[in-house]
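Visitor: Please show me the structure, and then take me through some of its residues.

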Amino acid sequence: MKEEKVILVNEKDEQIGLMPKMEAHEKAVLHRAFSVFIFNDKNELMLQQRALNKYHSPGLWTNTCCSHQRDGETNIQAGKRRLQEEMGFVADLKESISFIYKAPFDNGLTEHEYDHVLLGKYEKEPVINTDEVASWKWMPLEEVKVDISLHPESYTEWFKVIFNKFYKHINITN
């Protein structure tokens, strides 16, 4: 299988090239990414637990899905594609905020991403892809906030950054 390429960007999110995903993570090169947050009518967030075979952050809880845009793909198109691939459904998405973060992992890889946060609503149960997702759950935002403070080791680095710094942007009741 051909390795997926990520979109390299500068600090203004302007595309400056393409690079194989693993190489970008090995070299800690800034690249474009997205994080999808799906809510239900009770303002509960759909969390996913990453599959145990993931090359970084296996078994950790995180936002509904996340990945990297493909060359020529909009943030919304990428979010819908990956939502279908990981969680088995598609929802209307809207762009919220974007930010740059850098997080090194114990395995020598580093996430250095220009991350676009996408928000959507969905009411049904997902049909998870078990190659990508170990489990899922709905959780009220206030409970997520408390659980992150009590068990930060149970959550992905990017999710903690988004949740702690940008809570008001992801809380769709505000």
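Visitor: Which residues does glutamate 113 touch, not counting residues up to four places away in sequence?
Guide: This is a predicted model, in which local features need pLDDT of at least 70, side-chain atom pairs count only at pLDDT 80 or more, and totals for chains, interfaces and linings use all residues. Residues are numbered from 1 along each chain as its sequence is written, and side-chain values use heavy atoms, with hydrogens and water left out. Taking contact as heavy atoms within 4.5 Å, glutamate 113 touches His25, Leu30, His31, Ala33, Phe99, Ile100, Tyr101 and His68.

Visitor: Which side chain does glutamate 113 join through a polar contact?
Guide: A polar contact is a pair of N or O atoms within 3.5 Å; within protein, one must be able to donate a hydrogen and the other to accept it, and residues adjacent in sequence count only if both atoms are side-chain atoms. At 2.9 Å, the partner of glutamate 113 is histidine 68.

Visitor: Why do Leu141, Val144 and Ile148 lie on the same side of helix 3?
Guide: These residues of helix 3 are buried, meaning under 20% relative accessible area (1.4 Å probe, protein chains only). Helices are DSSP runs (H or I, at least four residues), numbered from the N terminus. The arc is taken from the directions from the helix axis to the C-beta atoms. They are on the same side because they cover an arc of only 50°.

Visitor: Which exposed residues does the face of helix 3 turned away from its buried side carry?
Guide: Exposed means over 50% relative accessible area. On that face of helix 3, the exposed residues are Ser149 and Leu150.

Definitions and conventions:
Helices (H or I, at least four residues) and strands (E, at least two) are DSSP runs, numbered from the N terminus.
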